[in-house]
Amino acid sequence: MQRPVTKTKRIKRGCRCLASAICATLMWADAGAETLNYAQALSLSLQRDPRIAEKNHLVDVAQAQEREVDGNAGLRVDFNSFLGLAPAVRGGLFANADCGNGVVCTNRTDRYSIAQGVSPWTYAQISIVKPVLTFGKIAHFREAARGQTQVKQGDVRLQRAEIAMDVAKAYYGHLAARDAHAFLDDVRKTVANAVDKVDRWLKEGSGDVAQSDVYALQTGLALVEKYLAQTRGLEAIGMEGLRTLTGLSAPAELALADARLQRVALPALDISALQAQAMDKRPEFGQLDAGLHARRALVAANKAGHYPNVYVGVAGMFSYSLRRDRLDNPYITDSFNDYGGTPLVGVQWQWQPGVVSAKVAQAEGELNALIDKAALARQGIPFQVAEAAHQVRAAYEASGKSEEGARAARRWMITAYADFDAGLDKPEKVLTALQGYVLAQTDYLQSVFEYNMAVVKLQQSVGDYE
């Protein structure tokens, strides 16, 4: 009793390995029945995934910031207008109209009086100016905004690479689960037949079997059925994930073009060439260069904050009160009835030395951090590419050997069952052979899954996904 139960634990460990290999994190959903290969599934996902649309909208935001900076270099119009009430006034400058010629002129005291009623008051003021000299503020901020746009465009490419990894997990994970389902179903039938046969032999009193053999086989059968149920779940999860990633609706029938899980073609593994490709195509390098350029521009722009802005333009005003007499004295301003305009040249200067210096120090600190990050990327990415290439080579060789082992294990199982069926071997040997087959086949599917994912990771590390 004890020995067969111990061996069935190996089935459990093997199936756990399969489950960990094909458990893919999947997300999102639309309509139609499709038969897709991996390339088609990837293409649909890259077209329809809302995460890419989100990143593109952030690119739009950065481009709008560029336009905002350019707008600061253009015309600025300030306009203010209102309609109000003012005290009505009739008469001249003095209270007594006949003053002069020996008569003392008395100043009026009814400035705020509404004894004569009120008058509608229309007022408008406008100025149109354009900066002509900002000591580099606008130019540097424009460069910084352009760099930010390039960083956001790089984020779009990184998001596409992440989606490609999700699609690979879903696609190859579903195939691995489907193949596991098929071979575990085959094992289940074989074990069920063995249970029936041993049970019949016991009833007939024929064959070299005992009741413990039935229990051992029933234990193995229960475990296989348990992992069959789990595998069916993983298979369904993989399919739902593909529907979501490709934008197909959940009820749609989606079939994969591949009949079973197979190794993808082995890519060229010239590490020097792959590293050179990564240095040329990886979006992180473009983002770092753009970020460095933007940070330098921000440092320069903040330093320019020590200097004023020079502008040119025109300004004018108009004020009119219907029931007030106009005062045409060049030395006295009549704010209720007046108009005028002038071209102008001006200087605007708002200087806070402590604030400007602090902003410069912040920008310089961020620039230095980005410089160190760029140095780290130039060291780390070539290693990342080399690591991915070595993993592909190792996974390819391992999956080949694992395939040989799976084939041998299947022959072992078939031979052992044939001997058992002929009454030449005890059920214990059949159970041992079945355990070996489950472990070997599980290891093979896991090895192929890991190899295919390693190839996708290599493509990602050299910037292949545009």
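Thr-190 touches Tyr-417 and Leu-434, not counting residues up to four places away in sequence; contact means heavy atoms within 4.5 Å. Thr-190 belongs to helix H4. Helices (H or I, at least four residues) and strands (E, at least two) are DSSP runs, numbered from the N terminus. Thr-190 is buried, with a relative accessible area of 13%. Buried means under 20% relative accessible area, exposed over 50%, and partly exposed in between (1.4 Å probe, protein chains only).

This is a predicted model, in which local features need pLDDT of at least 70 and side-chain atom pairs count only at pLDDT 80 or more, while totals for chains, interfaces and linings use all residues. Residues are numbered from 1 along each chain as its sequence is written, and side-chain values use heavy atoms, with hydrogens and water left out.

**Confidence**

The pLDDT is the predictor's confidence in each residue, from 0 to 100. The protein chain averages 81, and 86% of the residues score at least 70. Residues 1-32 fall below 50. Beyond near neighbours in sequence, this stretch has 76 contacts in the model.

**Helix spans**

The expected span of a helix is 1.5 Å times one less than its number of residues. Two helices can be checked this way.

| Helix | Residues in helix | Expected span | Distance between end C-alpha atoms |
|---|---|---|---|
| H4 | 68 residues | 100 Å | 99 Å |
| H5 | 36 residues | 52 Å | 53 Å |

For H4, which covers residues 137-204, the two values agree. They agree for H5 as well. Just after H4, Gly-205 takes a positive phi of about 75 degrees. H5 is followed by Gly-247, whose phi is also positive, near 85 degrees.

Phe-135 has a positive phi too, near 60 degrees, and this residue is not a glycine. Phe-135 sits in the loop between E3 and H4. Its relative accessibility is 38%, so Phe-135 counts as partly exposed.

**Nonpolar cores**

A nonpolar core is a set of buried Ala, Val, Leu, Ile, Met, Phe, Trp, Tyr and Cys residues joined through side-chain atoms within 4.5 Å. The largest one has 61 residues. Within this core, Tyr-38, Tyr-171, Tyr-172, Phe-183 and Val-187 touch the most other members. Elements giving two or more residues to the core include helix H2 (38-48), helix H3 (50-72), helix H5 (211-246), helix H8 (353-421) and helix H9 (427-461). H4 gives the most, with 20 residues.

Phe-183 has a set of contacts far along the chain. Leaving aside its neighbours within four places in sequence, Phe-183 is in contact with Tyr-437, Val-438, Gln-441, Thr-442 and Leu-445. Apart from the largest core lies another, of 15 residues, among them Leu-274, Val-385, Ala-389 and Ala-395.

**Long-range neighbours**

Leu-431 is found in helix H9. Leu-431 is buried, with a relative accessible area of 4%. The C-alpha atoms of Leu-431 and Val-191 are separated by 7.9 Å, although the two residues are 240 residues apart along the chain.

Val-59 lies in helix H3 and is buried, at 7% relative accessible area. Val-59 and Val-151 are 92 residues apart in sequence, yet 8.6 Å apart in space, C-alpha to C-alpha. Not counting residues up to four places away in sequence, Val-59 touches Thr-149, Lys-152, Gln-153 and Val-156.

**Aromatic rings**

The structure holds 10 aromatic pairs. Rings of Phe, Tyr and Trp (its six-membered ring) pair if their centres lie within 6.5 Å; planes under 30 degrees apart count as stacked, over 60 as edge-to-face and the rest as tilted. One of the pairs is Phe-82 with Trp-121, edge-to-face at 5.2 Å centre to centre, with 90 degrees between the planes. Phe-82 lies in strand E2 (residues 76-87) and Trp-121 in strand E3 (residues 118-133), so the pair ties together parts that are 39 residues apart in sequence.

Phe-82 is partly exposed, with a relative accessible area of 33%. Trp-121 is buried, at 16%. The rings of Trp-121 and Tyr-123 have centres 6.3 Å apart and planes at 70 degrees, so this pair is edge-to-face. Tyr-123 is buried, with a relative accessible area of 16%. Ring pairs link Phe-82, Trp-121, Tyr-123 and Phe-336 into a cluster.

A charge also meets a ring. The charged end of Arg-263 sits over the ring of Tyr-396, 4.2 Å from its centre. The criterion is NZ of Lys or CZ of Arg within 6 Å of the ring centre and within 35 degrees of the ring normal.
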